[in-house]
Amino acid sequence: MYQKIVLPVDMNEPASWERALPTALALCRTFGATLHVVTVLPDYHMPLVGSFFPANFSDKARQALSDAQHRFVAEHIPDDVQAQCIIADGSPYEGIIESARSVGGDLIVMASHNRRKLADWVLGPNAEHVVRHADISVMVVR
């Protein structure tokens, strides 16, 4: 039924994956699916934002994130589940949706965590945006 399962992970927020990961792993094992771990890197290329960072900051941030993703996979994804790391740029929900499209994902498994920051009040939770805008099934784990 599912061949490619997308799991969004915020490396700084364990609540983004602690409940969703066991569900994603169970689905991968059940259907023989691959797991695509997606982490979104904020966009540092905007002129207003980029001017505050050194010229090569984005490259260093991407490398550090890649290293963190690979450590995450090594620590949390068992050997019987094939996993791929993906780094997306931009807003979290757009990065998640675009990554799912680019790998041909057929299910997004994500946690619903309420951090209640200002962005949550203005934009709504990322899970809600993904559910409304994704063209594939989304499983929100609470």
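Strands in this text are DSSP runs of E with at least two residues, numbered from the N terminus, and the model to which they belong is a predicted one.

**Exercise 1.** Determine where Thr39 lies, whether Thr39 is buried or exposed, and which partners its side chain has.

*Solution.* Begin with the element: Thr39 belongs to strand S2, which covers residues 34–41. Next, take the accessibility: the relative value for Thr39 is 3%, and because buried means under 20%, Thr39 counts as buried. Then turn to the polar partners: a polar atom of the Thr39 side chain lies 3.0 Å from the backbone oxygen of Val9, and the side chain of Thr39 also makes a polar contact, at 3.0 Å, with the side chain of Gln69. Finally, list the contacts beyond four places in sequence, which include Met11, Leu65, Ile86, Ile87 and Ala88, as well as Val9 and Gln69.

**Exercise 2.** Find how many aromatic pairs there are, and work out the geometry and setting of each.

*Solution.* The count comes to two aromatic pairs. In one of them, the ring centres of Tyr2 and Phe31 are 5.4 Å apart with the planes at 85°, and since planes over 60 degrees apart count as edge-to-face, the pair is edge-to-face. This pair joins the segment before strand S1, where Tyr2 sits, to helix H1, which holds Phe31, 29 residues apart. Tyr2 is buried at 15% relative accessible area, whereas Phe31, at 27%, is partly exposed.

For Trp17 and Phe72, the centres are 4.9 Å apart and the planes stand at 80°, so this pair is edge-to-face. Trp17 lies in the loop between S1 and H1, and Phe72 in helix H3, 55 residues apart; both Trp17 and Phe72 are buried.

How values were computed:
Residues are numbered from 1 along each chain as its sequence is written. This is a predicted model: local features need pLDDT of at least 70, side-chain atom pairs count only at pLDDT 80 or more; totals for chains, interfaces and linings use all residues. Side-chain values use heavy atoms; hydrogens and water are left out. Helices (H or I, at least four residues) and strands (E, at least two) are DSSP runs, numbered from the N terminus. Buried means under 20% relative accessible area, exposed over 50%, partly exposed in between (1.4 Å probe, protein chains only). A polar contact is a pair of N or O atoms within 3.5 Å; within protein, one must be able to donate a hydrogen and the other to accept it, and residues adjacent in sequence count only if both atoms are side-chain atoms. Contact means heavy atoms within 4.5 Å. Rings of Phe, Tyr and Trp (its six-membered ring) pair if their centres lie within 6.5 Å; planes under 30 degrees apart count as stacked, over 60 as edge-to-face and the rest as tilted.
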